[in-house]
Amino acid sequence: MASFSAAERAYLEGERRLGRLATADASGLPHVVPVGWRYNPELGTIDITGRNFTASRKFRNVQINPQAAFVVDDLASVNPWRPRSVMIQGRAEALEDSDEEGPALIRIFPDGIVSWGLDIPG
């Protein structure tokens with residue numbers, strides 16, 4: 001499992017930003033959606049959840065095909081255009097509602113992490 005750099009952790013733990021989750025169904029058809037998420041510092045994972053989550057296409061896709069990608073990004077400056085981003089690719093787990101884990105969620109274990117622009121102040 002890949003681990004986040006100090007700059008990547010600071011970005012993920014900073015201001016709340018919308019993320020985008022990419023999953024694929026059994027045939028490989030991609031599906032990308034905006035999602036709410038949180039960085040889980042105890043496990044070094046990205047945890048994604050939402051309303052009626054177990055009924056969602058993304059949740060079903062992860063149950064069938066455990067590979068996923070996630071990106072969170074923003075613009076540090078518009079003029080000139082200065083994007084910042086962290087992209088994670090890895091194995092995903094679809095976890096049902098439980099007393100131990102809480103609400104249903106998709107947990108991404110990073111195999112690869114790519115980031116850029118994190119040295120640019122927001």
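A salt bridge is a side-chain nitrogen of Lys or Arg within 4 Å of a carboxyl oxygen of Asp or Glu. The model is predicted, so local features need pLDDT of at least 70 and side-chain atom pairs count only at pLDDT 80 or more, while totals for chains, interfaces and linings use all residues. Residues are numbered from 1 along each chain as its sequence is written, and side-chain values use heavy atoms, with hydrogens and water left out.

**Exercise 1. Salt bridges**

Determine how many salt bridges the whole structure holds, and describe the pairs R107–D47, R20–D73 and R91–E93.

Solution.

Step 1. A search of the whole structure gives six salt bridges.

Step 2. R107 and D47 meet through their side chains at 2.9 Å, N to O. R107 belongs to strand β6 (residues 105–116) and D47 to strand β3 (residues 45–49), so the pair ties together parts that are 60 residues apart in sequence. Helices (H or I, at least four residues) and strands (E, at least two) are DSSP runs, numbered from the N terminus.

Step 3. Both R107 and D47 are buried. Buried means under 20% relative accessible area, exposed over 50%, and partly exposed in between (1.4 Å probe, protein chains only).

Step 4. R20 and D73 also form a salt bridge, at 2.9 Å from N to O. R20 lies in strand β1 (residues 19–24) and D73 in strand β4, so this pair ties together parts that are 53 residues apart in sequence. R20 is partly exposed at 33% relative accessibility, and D73 is partly exposed at 32%.

Step 5. The salt bridge of R91 and E93 has an N to O distance of 2.8 Å. R91 is partly exposed at 35%, as is E93 at 28%. In addition, R17, D74 and R84 are joined into one network by salt bridges that share partners.

**Exercise 2. Aromatic rings**

State how many aromatic pairs the structure holds, then give the geometry of F4 with Y39 and of W37 with F70.

Solution.

Step 1. There are three aromatic pairs. Rings of Phe, Tyr and Trp (its six-membered ring) pair if their centres lie within 6.5 Å; planes under 30 degrees apart count as stacked, over 60 as edge-to-face and the rest as tilted.

Step 2. F4 and Y39 are edge-to-face, with 5.4 Å from centre to centre and 85° between the planes. This pair links distant parts of the chain, since F4 is in the segment before α1 (6–13) and Y39 is in strand β2 (residues 30–40), 35 residues apart. F4 is buried at a relative accessible area of 5%, and Y39 is buried at 9%.

Step 3. The ring centres of W37 and F70 are 5.5 Å apart and the planes stand at 65°, so this pair is edge-to-face. W37 lies in strand β2 and F70 in strand β4 (residues 67–77), so the pair ties together parts that are 33 residues apart in sequence. Both W37 and F70 are buried.

Step 4. The charged end of R16 sits over the ring of W37, 4.8 Å from its centre. A charge sits over a ring if NZ of Lys or CZ of Arg is within 6 Å of the ring centre and within 35 degrees of the ring normal. R91 lies over the face of F109, at 4.2 Å from the ring centre.

**Exercise 3. The nonpolar core**

Identify the residues that touch the most other members of the largest nonpolar core, and the elements that give two or more residues to this core.

Solution.

Step 1. A nonpolar core is a set of buried Ala, Val, Leu, Ile, Met, Phe, Trp, Tyr and Cys residues joined through side-chain atoms within 4.5 Å. The largest one has 24 residues, of which I46, I48, F70, I106 and I108 touch the most other members.

Step 2. Two or more residues come from each of α1, β2, β3, α2 (57–64), β4, β5 (82–95) and β6.

Step 3. Beyond its neighbours within four places in sequence, F70 is in contact (heavy atoms within 4.5 Å) with residues including L21, V35, W37, I46, I48, V86, I88 and I108.

**Exercise 4. The two sides of α1**

Which residues of α1 are buried, and which are exposed?

Solution.

Step 1. E8, Y11 and L12 are buried in α1. These residues cover an arc of only 95° around the axis, which puts them on the same side of α1. The arc is that of the directions from the helix axis to the C-beta atoms.

Step 2. A6 and E13 are exposed on the other side of α1.

Step 3. The buried residues of α1 pack against β2, β3, β4, β5 and β6.
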